[in-house]
Each structure stands twice: as structure tokens, then as C-alpha cells.
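Welcome, and please get your viewer ready. We will walk through this model one selection at a time.

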Amino acid sequence: MWVNDTLNVNEKGHLTIGGVDCTELAKEYGTPLYVMDEDVIVQACRSYKKSFEKYYNGKGLPLFASKAFCCKEMYRILAQEGLGADVVSGGELYTALSVGFPAENLHLHGNNKKPEEVKLALQNGVGKIVIDNFPELEMVDQIAAKLNKTAHISIRVKPGVDAHTHDFIKTGKIDSKFGFALETGEAFKAVEQALLCKNLVLDELHCHIGSQILDTEPFVTTAEIMLDFIYEIQTKFNYKITQLNLGGGFGINYKQEDNRPPFDSYMEAVSAALQAKASALNIVVPYIFIEPGRSIVGESGINLYTIGAIKEIPGIRTYVSVDGSMADNIRPALYGAEYTVVNATQAANSADFKATISGKTCETDTLQENTLIAKPAVGDILAFLSTGAYTQSMASNYNRTPRPPVIMVKDGKTRVVVKGETYEDLLKLDV
Ligand SMILES: Cc1ncc(COP(=O)(O)O)c(C=O)c1O
């Protein structure tokens, strides 16, 4: 009915998630509230895992992009499903390690890693350090030497494909802070330099072409470009790179019309291209990593709010204010993100009331402009759908707002996986 089929309407006309009434959730845990359906996360993990078995002889591993949603319970679920994870900070790495996540299945990213983050990674046996720039190459080599370790590395390449929406642009995408450009020869130099570093082993090439991409074509093009580069390296240096990381970016349904492809269609399309190209170039079919973030957790999550003030400005618009804000979901303010919004209390009624949903911070923090919902009343519970990714993980304490808890729903039961902050928590670090 809506963006995913675990959302329904019960006999009371209330929205349900994983069979649980959203208005009851609001009553029990308060609002604003992050709710995630664990089965939706697990299904996404399995879909990616299975796609490697089905289309690529199991020669690959999905790494969850931690930045999309990071907490201890998420790493427990990932470990149980046999996925790895990419981390981009000491904090994400520390969280994963705290629950005993297998370090060899963690890859450390970042365009400006601190020496202490690299040290933490190497000391704990992190599987791969993805090198972003020349100073970092030297830094990682030196830290590995000091620790008397060998660091397994990947080189992050800008493949010249830029895909953020339905379109993608080939060539010219060298203006990015991430990685080494292919077309300027910079990536080639990085490989040359990496091969000279005594404490580094170059296993892999990495690339990531964008986010919320709703078709497979840009990934296929990118995979082919990367294989050409692997071939060039093999020819010029007589050095075989056997692993390729194609990054994340697979799109989800925020709106019904997004109509995303099934998650396993990426490996289906990319595998065929990789096998054909590797055979044409007479090189080994590489082991593949992918880094889905949004698509693993995005559709599992909803944000629940309670409607407070309703303010009609005749002839202009009706503001419906909720008890959440840009502090719990920055995405609309940051880049105009669009969501499906449902009046969870009146979910059986037709969505024919045009509302502009506002947050409660001291900013013009419009959470959604001119969206259609069932006629709202003060006290109704409003649900934003597909909020599982880049929402809680980007939350702030703006206006000294305590961050809401995260509730997981499974088999009709609920549990807290991240506690909500209290006012006391807000004072904890003040001196
Ligand atoms: C290097 C890298 N990998 C993976 C991802 C995850 O992307 P997504 O959540 O769109 O799948 C990102 C997101 O920006 C990224 O920068």
C-alpha cells in the first residue's frame, strides 16, 4: 500500500509497522520516536547476500555503510546475517568493535583520517583501509611500520561517473573531495606509490558514484571502467588486483513513484558485465565488495510525531507543527529530502488535506512542504516513512533537544535499541 508492505492499516484505522499500532507505540514510548522494522533490515541484508551466491558464485561481500544508521544492535544484526561494514570514523569503528564485530570484515573509509583512527583500525585488525589521498598513503605506511604490522589497503578511485539521481554523467567528475581521479592519471600514481610502500599491501580498488541511484546502468558502466583500470595496472606493473569495491548508492522508495528495482538486480546486472569484461581482458574475475547503506535500513524506519499547533494562513497554506524537528531529521533542511507522510491516527481516511509540516526548533524547519495527509487534528500521530537511513545518524541536540529513542519492532514485539536522551544527558558533558 505504501512504500513497503510491512506498513498497514488496522481495524481501528491506525497505521501499523510490523503489525504494531503506531499510535500505541507513540503512547508507550512518546514522540518524537524512531521505529524500525527488523525484518525489513534482515530481508535487505539477505537479498544482497543471496545476489552474490545467485549471480557471482558467492565471490563477494556486502559491507553495510555504517553512516546510514550506527548503533550496537545494528552491528549485532549485521554480524548475525554475515555482512561486513564500512566505517568512516573512530566512533563508528569503536561501536562495531564494542560488540565484537569481526574486525576483518570492517573497512575504514574517510577523506581525512586521523592518525589515531588509523592506529585503532590497525591495532584491532580491521580488514581494509581505503586510502583517499597521498599524505594518507604515507601516514598509514608509517603507522603500520611503527606497529610492526602490514596494512591491507584499497585505493579510492574517482571513476569519472557521477550518478545521484535518475541520470548519470560520465567523465568530468574530478571535482570531489573523495579519492584519486582516474582521468588525470592521479589514481595511477597512487597505485604506483602504494606498491612502493613496504608496510602496505594493495588488495583492492574502490569507487562510489553517488547515492539514491534508481537504475543499474551507472553501476555497470563503473564496473567496466574499474576493470579496465585493473587491467592497466596488471599490464604496466605486472601486479594483480583481485578485489574490487563498487561502493553503495542503491536507491529506495521514499515516494511510491520512486519504484526502485529489487536489491538483487544490481549484482545481476553488474555480475554479467564483470564476467564478460574480465573474460575479454583475460584477467581474473575480482572478488566484489559493495557498500549499501540507505537500502539496508532506509525503508525499515519511520519517524513518529505528535501534531500540535495547526495554523491556517488563508489562501496560502496550513502549517501543521509536530513535536519533532530538523534536530531528529535534518535531511529536508539539508537537501530538500522528500518523504511520504501519513496521518497514522487517520490512516484509513483519504489523504486529501494539503499540509506543510513544520518542526519545533527556532528555525524555519519545514519537514515537508505541501504534502497530502488525511485531515489532521491536534494530538494525531504523524508518520514519516522510509526514515531509517541518515536520519537518526545525523540527529543533533539543536535547541537543546534530547535525541529520541530508537525502537525495533519484530514479531509484533518492540524493544528499545537506542535509549532516548534525557535533560540530564544534555548536561552530562557540560563543565
Ligand atoms: C564510500 C561510500 N560507500 C557507501 C556509501 C553508502 O551509500 P548509500 O547509503 O547511498 O548506499 C556512501 C555514502 O555516501 C559512501 O560515501
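Which exposed residues does the face of helix 4 turned away from its buried side carry? Keep in mind that this is a predicted model, and select residues 90-98, which form helix 4. The exposed residues on that face are Gly91 and Ser98.

Now colour the other side of helix 4. Glu92, Leu93 and Ala96 are buried there. Looking down the axis of helix 4, you will find these buried residues within an arc of 100°, so they line one face of the helix. To see what covers them, add helix 3 (72-81), strand 6 (84-87), strand 7 (106-108) and helix 5 (115-123), which are included in that cover. Before leaving, click on glycine 100, just after helix 4, where phi is positive at about 75°.

**Next stop: helix 1**

Select residues 22-29, the span of helix 1. Cys22, Thr23, Leu25 and Ala26 are the buried ones to highlight. Turn the view to look down the axis of helix 1: its buried residues fall within an arc of 155°, so they line one face of the helix. Lys27 and Glu28, on the other side of helix 1, are exposed. Just after helix 1 comes glycine 30, with a positive phi of about 85°.

**A sheet of three strands**

Step back along the chain to an open sheet of 3 strands, ordered 1-2-3 and paired antiparallel. Strand 1 (7-9) and strand 3 (20-21) are at the edges with a single partner strand each, so one side of each has no neighbour in the sheet. Select strand 2 (residues 15-17) together with strand 3: the two run antiparallel and are joined by 2 bridges. Within this pair, isoleucine 17 stands opposite valine 20 of strand 3.

**The ligand**

Centre the view on the ligand and show its surroundings, a shell of 15 residues. The closest are Ala65, Ser211, Gly248, Gly293 and Arg294. Colouring this shell by class gives 4 nonpolar, 8 polar and 3 charged residues.

**The whole chain**

Finally, zoom out and show the protein chain as a cartoon. How many helices and strands are there in the protein chain? There are 12 helices and 23 strands. The C-alpha trace spans about 70 × 50 × 40 Å along its principal axes. For 431 residues, a compact globule would have a radius of gyration near 22 Å, and the 23 Å of the protein chain agrees with that. Colour by burial to finish: buried residues make up 48% of the 431 residues.

Methods: Residues numbered from 1 in each chain as written. Predicted model: local features only at pLDDT ≥ 70, side-chain atom pairs only at ≥ 80, totals over all residues. Near = placed C-beta within 6 Å. Nonpolar A, V, L, I, M, F, W, Y, C, P; charged D, E, K, R; others polar. Buried ≥ 20, exposed ≤ 12 C-beta atoms within 10 Å, placed from the backbone. Helix = DSSP H or I, 4+ residues; strand = E, 2+ residues; numbered from the N terminus. Arc of directions from axis to C-beta. Rg over C-alpha atoms; globule rule 2.2 N^0.38 Å. Pairing = 2+ DSSP bridges. Contact = placed C-beta atoms within 7 Å.
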